[in-house]
Amino acid sequence: MKKILVTRKLLEENNKRITSIFDVKLNTSDTLYNPEEILKLSEGCDGILSFTTTPFNRDMIMKLPESIKIISNYAVGYGNIDVVAAKERGIVVTNTPEVLTDATADISILLLLGASRRAYEGRKDAEKEKWLWSTDYLIGKQMTGKKLGILGMGRIGRAVAKRARAFDMEIHYHNRNQLDSSLEEGAIYHKDIKELFKNSEFLSINCPGSKDTENLINEETIQYFPDGAVIANAARGEVIDDEAMIKAMQSGKIFALGLDVYRGEPKINKKYLELNNLFLLPHLGSATTRTRIAMGDRAIDNLEAFLNKNQNPKDQVN
Ligand code: GLV
């Protein structure tokens, strides 16, 4: 049996399956291993099942035992792994696309609604039992018929578009490449990000985190948005320059922001926490039982294909 290190806790359904296929070092106590522990535990293993909370930078990758041939990441994003270094070492890296599309798109919509309809302030007032219904109490912005920009029109971006159509929104998007019209379904492509932002009364961020997308929302680009825009980020925290965003939220240029992801999470720029126009969640994009089981299955499929069936894993990213 091939040997696998699993760096965090898996759900029980996934534990059952992986232990029936591989000789596994599970992490049932969900300890956050440090790099030295990962290196030690991976000795004698053929593969690693890793998570977004397990960083594999170049140095780590280079120090991994020779026996490690695959890192199967339990996430669609793989910014935690230096995939170029892995390729140099001949280590295959895989992710878990598709299975978390719906759950993450749902969270994007929740962020847009939570931010635009002032859910955070509402919750605080309701808890204090100190509010009085009135015609102008906690007035928010309504999504119906508005222009929605989608930054990153991959599977998740398209699933957000599908949901937004139910709000009669006009969909605009930016992507590295324009999509085929069958995938666009009427969405308007902007090659230039400035044009996308100019057309974004609401913006949903659904692009991968990378050097190319880091700080795409910054002091300069925020000015392109219509005044009072609403932005939601269910992708990666690094896409937003937080200081610039906080200023724009304080001035009202940005009416409200919904965040599920943060630069350096779980840490959050403290100035955000002083703002009432922030609706925030702790990285819940894929957090439903069926999605998490499906992610585990997909990560196990990739290990099984590569290590046991001698096949190219379906979701190789490097
Ligand atoms: C979660 O952030 C993921 O990339 O799956």
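Which residue in strand 5 is the bridge partner of Ile-71? The views below show a predicted model, in which local features need pLDDT of at least 70, side-chain atom pairs count only at pLDDT 80 or more, and totals for chains, interfaces and linings use all residues. Residues are numbered from 1 along each chain as its sequence is written, and side-chain values use heavy atoms, without hydrogens and water.

**View A. Strands 4 and 5 pair in the parallel sense.** The bridge partner of Ile-71 is Val-93, in strand 5. Three bridges join strand 4 (residues 70-73) to strand 5. Strands are DSSP runs of E, at least two residues, and helices are runs of H or I, at least four residues; both are numbered from the N terminus. Two strands pair if DSSP finds at least two bridges between them.

**View B. Five strands form an open, parallel sheet.** The strand order is 2-1-3-4-5. Strand 2 (23-25) and strand 5 (92-94) are the edges, each pairing on one side only. Neighbouring strands are turned by 20° against each other on average, direction ignored. Helix 12 packs on this sheet and touches strand 1 (3-6), strand 3 (47-50), strand 4 and strand 5. The direction of helix 12 makes about 160° with that of strand 4. Axes are lines fitted to C-alpha atoms, for helices over the stretch in contact; angles run from 0 to 180 degrees between N-to-C directions.

**View C. Ala-299 lies in helix 12 (residues 289-308).** Ala-299 counts as buried because its relative accessibility is 0%. Buried means under 20% relative accessible area (1.4 Å probe, protein chains only). Beyond its neighbours within four places in sequence, Ala-299 contacts Leu-49, Ser-72 and Thr-96. Contact means heavy atoms within 4.5 Å.

Methods
Buried means under 20% relative accessible area, exposed over 50%, partly exposed in between (1.4 Å probe, protein chains only).
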